[in-house]
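Student: I have just opened this structure and would like to get to know it. Could we go through it together, one question at a time?

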Amino acid sequence: MTTQICLKCQEDSFSWSIDDEDKLLTQWGCNKCYYQAFENESDQRICSNCKKETESKLKDDTKNYWWCSNCGTKKITKVQ
Ligand SMILES: [Zn+2]
Ligand SMILES: [Zn+2]
């Protein structure tokens, strides 16, 4: 499985798994700092930075944000 740069600790150890109960929900987790976030597969858009359709909506304990898995750009949309 390929890993991404973790949004929290910046280590290359961020990976995903599909939730068996809800196929539209992808769970992201870092195996270094244990940061977790959920991705809604139905929310994807073109990244304004790299112009690829790899930006998806993620949600963690404190905020919602757009994250591009290609270039790593993060745009916070809502702080809870
Ligand atoms: Zn991490
Ligand atoms: Zn991008």
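Student: What is the count of buried residues among the six residues of β6?

Tutor: Good place to begin, and keep in mind that this is a predicted model. A residue is called buried here if 20 or more other C-beta atoms lie within 10 Å of its own. β6 is hardly covered by that standard, and among its six residues the count of buried ones is zero.

Student: How many helices and how many strands does the protein have?

Tutor: Reading from the N terminus on, the elements run β-β-β-β-β-β. The radius of gyration is 12 Å, close to the 12 Å that the globule rule gives for 80 residues, so the protein is as compact as a globular protein of that length. As for the tally, there are zero helices and six strands.

Student: In which order do the strands of the open sheet lie?

Tutor: Strands of a sheet pair through backbone hydrogen bonds, either parallel or antiparallel. In this open sheet of six strands the pairing is antiparallel, and the order is β1-β2-β3-β4-β5-β6.

Student: Which strands stand at the edges of that sheet?

Tutor: Look for strands that have a single partner strand, so that one side is left without a neighbour in the sheet. Neighbouring strands of the sheet are turned by 30° against each other on average, direction ignored. The edge strands are β1 (14–18) and β6 (74–79).

Student: What is the bridge partner of Thr26 in β3?

Tutor: Start with the strands themselves: β2 and β3 (residues 36–45) run antiparallel and are joined by five bridges. Within β3, the residue that bridges to Thr26 is Glu39.

Student: Which residue of β6 stands opposite Trp66?

Tutor: Trp66 is found in strand β5. β5 pairs with β6 in the antiparallel sense, over five bridges. Opposite Trp66 in β6 stands Lys75.

Student: Is Trp66 buried or partly exposed?

Tutor: Leaving aside neighbours within four places in sequence, Trp66 is in contact with Glu55, Lys57, Lys75 and Thr77. Burial is judged by a neighbour count, and 20 or more would be needed to call a residue buried. Trp66 has 18 other C-beta atoms within 10 Å, so this residue is partly exposed.

Student: How far apart in space are Trp66 and Cys33?

Tutor: Along the chain, 33 residues separate Trp66 from Cys33. In space, from C-alpha to C-alpha, the distance is 21 Å.

Student: Which residue in the hairpin of β5 and β6 takes a positive phi?

Tutor: This hairpin has five residues between the strands. The phi in question is near 85°, and the residue that takes it is Gly72.

Student: Which residue in the loop between β3 and β4 (55–59) has a positive phi near 65°?

Tutor: The residue is one other than glycine. With 10 C-beta neighbours inside 10 Å, it counts as exposed. Its place is the loop between β3 and β4, and its name is Lys51.

Student: Where is Gln10 found?

Tutor: Gln10 is not a glycine, yet it has a positive phi of about 65°. With 13 C-beta neighbours inside 10 Å, Gln10 counts as partly exposed. Its location is the segment before β1.

Student: Which residues does Trp16 touch, not counting those up to four places away in sequence?

Tutor: Trp16 lies in strand β1. It is partly exposed, with 16 other C-beta atoms within 10 Å. The residues it touches are Thr26, Gln27 and Trp28.

Student: Which residues form the largest nonpolar core?

Tutor: In soluble globular proteins, nonpolar side chains tend to be buried together. Here, β2 (25–30) and β5 (63–68) each supply at least two residues of the largest core. That core has nine residues: Cys6, Phe14, Trp28, Cys30, Ala37, Cys47, Leu58, Trp67 and Cys68.

Student: What share of the 80 residues counts as buried?

Tutor: One buried residue is Leu58, a member of the largest nonpolar core. Beyond four places in sequence, Leu58 touches Trp28, Ala37, Phe38, Glu39, Tyr65 and Trp67. Over the protein's 80 residues, the buried share is 14%.

Key
Residues numbered from 1 in each chain as written. Chains lettered and ligands numbered in written order. Predicted model: local features only at pLDDT ≥ 70, side-chain atom pairs only at ≥ 80, totals over all residues. Core = buried A, V, L, I, M, F, W, Y, C linked by C-beta atoms within 7 Å. Buried ≥ 20, exposed ≤ 12 C-beta atoms within 10 Å, placed from the backbone. Helix = DSSP H or I, 4+ residues; strand = E, 2+ residues; numbered from the N terminus. Contact = placed C-beta atoms within 7 Å. Rg over C-alpha atoms; globule rule 2.2 N^0.38 Å. Pairing = 2+ DSSP bridges. Axes fitted to C-alpha atoms, helices over the stretch in contact; angles between N-to-C directions.
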